[in-house]
Amino acid sequence: MTYSVTSPSEHLSWKEMACRDGTPYPAEWEKRALILGRAFEAIRAECGGKPIKVLSAYRPKTYNFRVGGMRASQHIEGRALDLRPPAGCPSTSSMSASRHWRRRGLTYRYAA
Ligand SMILES: [Zn+2]
């Protein structure tokens with residue numbers, strides 16, 4: 001299991017893309033991770049460049065089922081990020097980066 005880049009983006013690591021149960025993000029989906037990385041950086045910049053905590057990224061089917069995720073969750077496909085933005089970050093609805101990436105099929109949400 002090898003990736004061709006050291007991280008999906010400047011401020012997002014492969015460790016953050018992995019499942020909480022330790023399953024690494026599938027290397028064959030690296031392109032998807034790079035798209036998420038671009039979205040992550042855009043959102044991070046709009047939040048003033050402060051760190052954003054990744055709560056959940058890739059989830060294998062069994063893990064997703066265990067945590068009560070939706071059956072067709074984008075996390076299973078490695079196309080979703082659950083993020084916790086820093087205090088003072090603009091609301092999701094007012095963020096242009098958020099809208100931009102949602103239109104391109106990225107699913108992510110803010111969780112408290
Ligand atoms: Zn999610």
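Let's start at one residue. Just after helix H2, glycine 48 takes a positive phi of about 85 degrees. Keep that helix in view, as much of this talk is about H2.

First, a caution. This is a predicted model. The mean pLDDT of the protein chain is 86, and 88% of the residues score at least 70. Confidence peaks in H1, at 97. It is lowest in strand E3, residues 107-110, where the mean is 58. Where pLDDT is low, the predicted coordinates should not be read in detail.

Now the layout. The protein chain has four helices and three strands. Along the sequence, the pattern reads α-α-β-α-β-α-β. What share of the 112 residues is buried? Buried residues make up 25%. Next, take the contacts between residues at least 6 apart in sequence. Of these, 75% join residues at least 24 apart.

Back to H2. This helix runs from 30 to 46. Does its length agree with what we expect, or disagree? At 1.5 Å a residue, its 17 residues should span 24 Å. The C-alpha atoms at its ends are 24 Å apart, so the two agree.

Which residues of H2 are buried? They are Arg32, Ala33, Leu36, Gly37, Ala39, Phe40, Ile43 and Arg44. Here is a general point to hold beside that list. An α-helix has 3.6 residues a turn, so residues three or four places apart point the same way.

On to the core. The largest nonpolar core has 16 residues. Those with the most contacts inside it are Met17, Tyr25, Leu36, Ala39, Phe40, Ala57 and Leu81. Two elements, H2 and strand E2 (80-84), give two or more residues to this core. H2 gives the most, with five residues.

Pick out phenylalanine 40. Set aside its neighbours within four places in sequence. What is phenylalanine 40 then in contact with? The partners are Ser9, His11, Leu12 and Leu81.

Last stop: aspartate 21. Find it in the loop between helix H1 (14-17) and H2. Is aspartate 21 buried or exposed? It has 11 C-beta neighbours inside 10 Å, so it counts as exposed. The cut-off for exposed is 12 or fewer. Now look across to tyrosine 63. Aspartate 21 and tyrosine 63 are 42 residues apart along the chain, yet their C-alpha atoms are separated by 7.5 Å.

To sum up: H2 gives five residues to the largest nonpolar core, and aspartate 21 is exposed. Treat E3 with care, with its mean pLDDT of 58.

Key: Residues are numbered from 1 along each chain as its sequence is written. This is a predicted model: local features need pLDDT of at least 70, side-chain atom pairs count only at pLDDT 80 or more; totals for chains, interfaces and linings use all residues. A residue is buried if 20 or more other C-beta atoms lie within 10 Å of its own, exposed if 12 or fewer, and partly exposed in between; C-beta atoms are placed from the backbone. Two residues are in contact if their C-beta atoms, placed from the backbone, lie within 7 Å. A nonpolar core is a set of buried Ala, Val, Leu, Ile, Met, Phe, Trp, Tyr and Cys residues joined through C-beta atoms within 7 Å. The expected span of a helix is 1.5 Å times one less than its number of residues. pLDDT is the predictor's confidence in each residue, from 0 to 100.
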